[in-house]
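Could you walk me through this chain, fold first and aromatic rings after? I'd like short answers with the cut-offs spelled out.

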Amino acid sequence: MKEYIKIHPWQIVEEGFHRENVKVSESVFSIGNGRMGQRANFEEDYSGETLQGSYLAGVYYPDKTRVGWWKNGYPEYFAKVLNSVSWNQIRVEVDGQVIDLNQMEPLNFTRTLDMKQGLLKRAYRVVTAKGIELEFDWTRFVSMKRKNLGVIALSIKASADCQINIQSKLSGDVHNQDSNYDEFFWQDTQAGVEGSQLWVTQETKKTNFSIAASSLHNIVLDTNSYTVNLSTEDRGSLANFNVRLEKNQELQLQKYTAVCSSMYGPEAELRNSAHAEAQEASHVGLAALLREQSQEWARIWHNCDVEIEGDDEAQQSIRFNIFQLFQTYTGDDSRLNIGPKGFTGEKYGGSTYWDTEAYCLPFYLATAPSDVARNLLVYRYNQLDKAIENAQKLGFTKGAALYPMVTMNGEECHNEWEITFEEIHRNGAIAYAVYDYINYTGDTGYMAEYGLEVLLGISRFWSQRVHFSENKQQWVMLGVTGPNEFENNVNNNWYTNKFAVWCLNYTRDQIHLLQKENPKRFAEIASKTAFAASEITRWDEITSNMYFPYDADRNVYLQQDGFLDKELIPVSQLSADQRPIVEHWSWDRILRSCYIKQADVLQGFYFFEDEFDLDSHKRHFDFYEPLTVHESSLSPCIHSILANKIGNSDKAYEFYLRTARLDLNDINNDTCDGCHITSMAGTWMTISKGFAGLRVRDGRLHLSPNIPQKWKSIRFNIRFRENYLRISLYKEQVEVENIEGPSLLINSWGVDFQVEPKQSKRIDYAKK
Ligand code: BGC
C-alpha cells in the first residue's frame, strides 16, 4: 500500500517527486472525456520507466490470439483499444540540456488532478548543469465540451538568460506494450505541415478505422526573440521553437490538438475537421476553454457529487472514483462501453466485461439521464446476434445466446477455456441488467422493444447448459467457473445455478406479461425468434427441481459441489509475505486452496437479497468472507454493502476505504497497469446501496441509512424516474429534497414520508 497522495476534498495531489511511483501516478492522474483519454505521461522527455498511453473510444485492433495450446471454440483475436496518435510529447532543452526528470532532481514537484475543473497540472523547479533555475508549469486537459479536443499549456521562467529549444510533436509512431506479436497496429500513416498546423492521419490495420489529428501552437512572449520551424518526420510532424528567454521572463506555449476518428465522421473529411476544430479552439483561447471545462464539470458534478462530512480521506476517494467514471463513459453513444481500465491503461484491452452490468449500470442509472443507462443495455441488444453465433460455435442451438466474457463488437475475445467457455455467469448479469433498468426507471416499454429478445436468448442457453442428473434426480450444471476465478471447472457453482433459475423464471414471467399486455408485439417477437410455448414447460421443470449445493450442518449454500473437501484455513492465517496469493503461489496451489478471489456466493446474496433473511446473510458472510482474499477489485465493494446490511459497520467502512482508495493507495499493487474503473462504480454503490441502503421496490424508493461512525453526514444527488433528489443522511435523520419532479413517497427504515415538489423533508429514522 502506498500513501503518497495528499488528502484534499477536490484534488488528487502528489507532492514531491516519487520516481518509484511514476507508472502508478500515470494511471491515477489520467484524463479523459468519454471519447478520448490518456495516461498522465509527462510531456517532456522521461528516460525512466513509463507506460505511454493515449486512446480513442471505440477504435480498436483485433490482435491475433496467442495461446500455447489451441482449443476449438477459441476466438481468433483479442480486441485492443489502441495506443493512438500522441499529442503530448514536448521535449524541452535548455542551453542544450534536455529536461528529463529521471536525470534531474526536481524541486517543489507537485502534480494535481483537479477534479472540480477537470485539469491535470504539474509544477516544479529544476536547476540545469549551468546552474540556471527553471520554473515549469504544465496544464493539460481533454475537453468535456469539445470531445475531440486536447489542450496543453506550458509556462517556463528562468533565473538567468538562457536559450530554450522546444520540440512539440504530433506522432503516429505509437505502439501497444501488450501487442501479442510486437506488431505495429497502424497503417498508411501520413504526416505533414500545412500553414501553422501539424497533422497526422492513419488507419488501423484490419478494422480500418481512420483518424486524423491536427495541432496548432500559440506562443506568448513579451519579446520577439524566438523562431518557429515546422517540419515533417517519420510518422509524425514537429514544431520547433527556439526562444531566447531572459531572466525572470515568462514563456507560455499553448498547444491545441483535435483528434477525429471515422467513428464520428466520414474518412474524407477527418483531416479538415481536425484542422477546423484545432483552429477554432485556438481562436477561443485558453482562458475561455478553461472556463468551458470548469462549467462542463460543474454540470456533471451537479448530478453526481457525493459529499462526506467529517472524513476528508473518504471524501477525496469517492470523488476520485466518480471523476474517473465520467472521464471514461458519458453515455452518448450506444456503440461504446466501459473497459475495466477505461483510458488509463492497456490491460483488459478496453473491452466490455460483465462488470458493466453488474457494477456500472446502477451508477449511471442514478447519476445520469436514463438514456445513458439505456445505451448500455442497447449495446448488448445490438450484439445479440453475435451472442447467438457465439453459443452456436460451442454447440448450442435454437437461438441460445452466450454473451462473451470479453468483447468489443459482440465477438468473444477471451481465450482461456476455463473462462471463455465456463465463466458463463456473465449471461446472468446481462439479463439482470434488464430487470434492474426497468425496476429503477419504470421504462417498461424497454422489455417489449429490446429486453425480451435478450432474455429469451439467455434463457435458451441456460435450458441447454443444464442437464438432468439421474443420480441426484435433479437438474445440475457441470464444468463452470463462478465469479471466483480462483476455482475453475467446478460443478454446480451455486451462484451460476441460482442465476440460471432466476433468468428462466423472470423470462417466463415477462413472456406471460407481454402476451397479456401487448399480444401483437409478443407475436412479432415469437415469430422472429421461433419461440414455442413448450420451451416454458422445460424451463419450469428445471427451475422447480434445480440442485443447489448446501451444507446442512452450517446451514449455508456451498460455492460448488467440492467446496467442503478443501482445507478451510482463514485468510487471517496467511502471512503477509504470501499476499497477494496470485503473485506468490502457483496456479495449481491457488486452485486447490479454499481462497476466494472475489464475492461468489455473496455476489448472489447481493443480487437476490430479498430471498434471504438477515440471519442467512450473516451466516453466509461469516463463512465466506474470512476465506476471501479480495484480489479482484470487484470484491471489497460487494462486501462493504453486505457488511452494512448485517450491521457490521466496522467492516463496511474498512471495505469502503479498500474499494475507494484501491488506486489512490495502489492497494493491489497493480495500478501501474491502469486504474480499476469498473470497480469505481462499486465504490459509489457502497455509498448508495451500502451506507444509504437505497433500493427500489415496487416502484418506490427505500432508504435504510447507516452511516460510518466517523462521518457526520453524507449528501448525494440522484435521479429517480421523474424526480431529481438530494439525499442527506445524518446519524439519526434523513432528509430528502425534491429538487425536480412531482410529489414523491419515500420509505426510510419502514416509515413512509411524502416529499412535495421543491420541498425538503427531514425525519428521524427509527432503525429496526
Ligand atoms: C475479475 C472478473 C472481472 C475482470 C475485469 C477479473 O480479475 O475476476 O470478475 O470481470 O477482472 O474487471
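What follows is a short exchange between a student and a tutor.

Tutor: Quick ground rules: this is a predicted model, where local features need pLDDT of at least 70, side-chain atom pairs count only at pLDDT 80 or more, and totals for chains, interfaces and linings use all residues. Residues are numbered from 1 along each chain as its sequence is written, and side-chain values use heavy atoms, with hydrogens and water left out.

Student: How many helices and strands does the chain have?

Tutor: Count DSSP runs from the N terminus: helices are H or I with at least four residues, strands are E with at least two. On that basis the chain comes to 20 helices and 32 strands.

Student: Why is the chain called as compact as a globular protein of its length?

Tutor: Take the radius of gyration over C-alpha atoms and set it against the globule rule, 2.2 Å times the number of residues to the power 0.38. For 768 residues the rule gives 27 Å, and the chain is close to that, so it is as compact as a globular protein of that length, with a radius of gyration of 27 Å.

Student: What percentage of the residues is buried?

Tutor: Buried means under 20% relative accessible area, exposed over 50%, and partly exposed in between (1.4 Å probe, protein chains only). Of the 768 residues in the chain, the buried ones make up 63%.

Student: How is the pair F326 and Y364 classed?

Tutor: A pair of aromatic rings is described by the distance of the centres and the angle of the planes. Rings of Phe, Tyr and Trp (its six-membered ring) pair if their centres lie within 6.5 Å; planes under 30 degrees apart count as stacked, over 60 as edge-to-face and the rest as tilted. Here the centres are 5.6 Å apart and the planes sit at 75°, so F326 and Y364 are edge-to-face.

Student: Which helices does that pair link?

Tutor: The two residues are 38 apart in the chain, so to speak in distant parts of it. F326 is buried at 6% relative accessible area, and Y364 is buried at 0%. F326 sits in residues 312-328 and Y364 in residues 355-367, which are helix α4 and helix α5.Student: Are Y550 and Y557 buried or partly exposed?

Tutor: Their rings form a tilted pair, 5.6 Å centre to centre with 55° between the planes. Y550 has a relative accessibility of 41% and Y557 has 25%. Y550 therefore counts as partly exposed, and Y557 counts as partly exposed.

Student: How many aromatic pairs does the structure hold?

Tutor: Beyond single pairs there is a cluster, with Y432, Y435, Y495, F499, W502, Y506, Y606, F607 and F608 in it. For the structure, the count of aromatic pairs is 60.
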